[in-house]
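Q: I have a protein model open and no idea where to begin. Can you show me how to read it, feature by feature?

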Amino acid sequence: MKAANRRCKQCRKKVPAESAFVTQLRAFCSFECLQQFTKSEQGRKTIAKSSLADIRERKKRLLTRSDHLKLAQAAFNAYIRFRDRDDACISCGNWILADQPGGGWDAGHYRSTGSAQHLRVGGITAALNCHKQCVKCNRFLNGNVAEYRRGLIKKIGLDLVEKIEADQDGRNYTSEDLQRITQIYRKRKKIHEQIMKKKQ
């Protein structure tokens with residue numbers, strides 16, 4: 001059931017719904033009221049807000065599966081770095097500062113994303129496969145895999161390491177799956193940050 005009357009956004013006068021001048025902004029009693037509204041400060045803000053939302057929606061529709069995979073990977077990596085923020089590098093055990101050569105932190109995968117695409121993002125096994133690793137070990141020493149395995153066994157145990165190594169189940173994520181993974185890891189990181197702030 002449609003409303004019998006619409007209220008003009010500019011002059012606030014009620015007009016019958018069938019004679020109201022309706023735009024994507026709001027309903028107006030006449031074209032003159034619409035023009036006055038678009039020239040007003042509130043009208044400019046409303047137009048800017050609706051156009052920004054429209055642009056965001058259009059950009060979202062243009063994203064490919066590859067773009068969604070990059071966003072999911074970024075959210076996943078940010079969560080892993082935050083989760084392991086109090087740990088040293090999983091491979092070398094060092095605490096390297098960002099301003100030192102090879103400094104900073106990566107979310108390093110035990111089984112690389114090239115050889116095990118299905119462990120790249122999402123799932124419990126993917127979270128177990130990825131830990132905080134210094135840039136030196138991850139990028140310059142090709143993951144420092146032998147030391148990574150030793151550190152991983154200390155951290156999660158041999159049974160889980162063997163489970164990661166045996167995991168060959170291929171997972172084909174759709175764009176919708178990747179969007180959901182992005183949302184999940186962003187939310188997880190946000191929740192952990194809020195918990196940390198409450199503890200302080």
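The turns below go from the whole protein to single residues.

A: Keep in mind that this is a predicted model. Start with the parts list.

Q: How many helices and strands are there in the protein?

A: There are 8 helices and 6 strands. Next, read their order along the sequence. The pattern runs β-β-β-β-α-α-α-β-α-β-α-α-α-α.

Q: What does the radius of gyration say about how spread out the protein is?

A: Compare the value with the globule rule. For 200 residues the rule gives 16 Å, but the protein has 26 Å, so it is more spread out than a compact globule. A box adds to the picture. Along the principal axes, the C-alpha atoms fill roughly 75 × 40 × 30 Å.

Q: What share of the residues counts as buried?

A: The cut-off is a relative accessible area under 20%. Of the 200 residues, 34% count as buried. The accessible surface comes to about 13200 Å². Carbon and sulfur atoms hold 52% of that surface.

Q: What do contacts say about residues far apart in sequence?

A: Take the contacts between residues at least 6 apart in sequence. In this protein, 61% of them join residues at least 24 apart.

Q: Where do the charges sit on average, and how far apart are the mean positions?

A: Treat each sign as a group. The protein has 42 positive and 20 negative charges. Their mean positions are 9 Å apart.

Q: Now a single helix. What span should helix α3 have?

A: Count the residues, then use the rise of 1.5 Å a residue. Helix α3 covers residues 65-83, which is 19 residues, so it should span 27 Å. The end C-alpha atoms are 26 Å apart, which agrees.

Q: Which residues of α3 are buried, and what covers them?

A: List the buried residues, then look for their cover. The buried ones are His68, Leu69, Ala72, Gln73, Ala75, Phe76, Asn77, Tyr79, Ile80 and Phe82. Their cover includes the strands β5 (105-109) and β6 (130-134). It also includes the helices α4 (124-129) and α8 (175-199).

Q: Is Thr125 buried or exposed?

A: Find its element, then check its area. Thr125 lies in helix α4. Its relative accessible area is 14%, so Thr125 is buried. Now see what it touches. Beyond its neighbours within four places in sequence, Thr125 is in contact with Leu119, Ile164, Asp167 and Arg171.

Q: What is phi near in Asn142 and in Asn144?

A: Check the sign as well as the value. Phi of Asn142 is near 55°, a positive value in a residue other than glycine. Phi of Asn144 is near 45°, and that is positive too. Asn142 sits in the loop between α5 (135-140) and α6 (145-156). Asn144 is found in the loop between α5 and α6 as well.

Q: Which of the two is buried and which is exposed?

A: Asn142 has a relative accessible area of 67%, so it is exposed. Asn144 has 17%, so it is buried.

Q: How far apart in space are Val145 and Ser91?

A: Set the gap in sequence beside the gap in space. Val145 and Ser91 are 54 residues apart in sequence, and their C-alpha atoms are 7.5 Å apart. Val145 is found in helix α6. With a relative accessible area of 42%, Val145 is partly exposed.

Q: What separation do Lys187 and Lys49 have?

A: They are 138 residues apart along the chain, and 25 Å separates their C-alpha atoms. Lys187 has its place in helix α8. At 56% relative accessibility, Lys187 counts as exposed.

Terms used
Residues are numbered from 1 along each chain as its sequence is written. This is a predicted model: local features need pLDDT of at least 70, side-chain atom pairs count only at pLDDT 80 or more; totals for chains, interfaces and linings use all residues. Side-chain values use heavy atoms; hydrogens and water are left out. Helices (H or I, at least four residues) and strands (E, at least two) are DSSP runs, numbered from the N terminus. The expected span of a helix is 1.5 Å times one less than its number of residues. Buried means under 20% relative accessible area, exposed over 50%, partly exposed in between (1.4 Å probe, protein chains only). Contact means heavy atoms within 4.5 Å. The radius of gyration is taken over C-alpha atoms; the globule rule is 2.2 Å times the number of residues to the power 0.38. Accessible areas come from the Shrake-Rupley method with a 1.4 Å probe; for residues, only the protein chains shown count as cover. Lys and Arg count as positive and Asp and Glu as negative; His and the chain ends are not counted. The place of a charge is taken as NZ of Lys, CZ of Arg, CG of Asp or CD of Glu.
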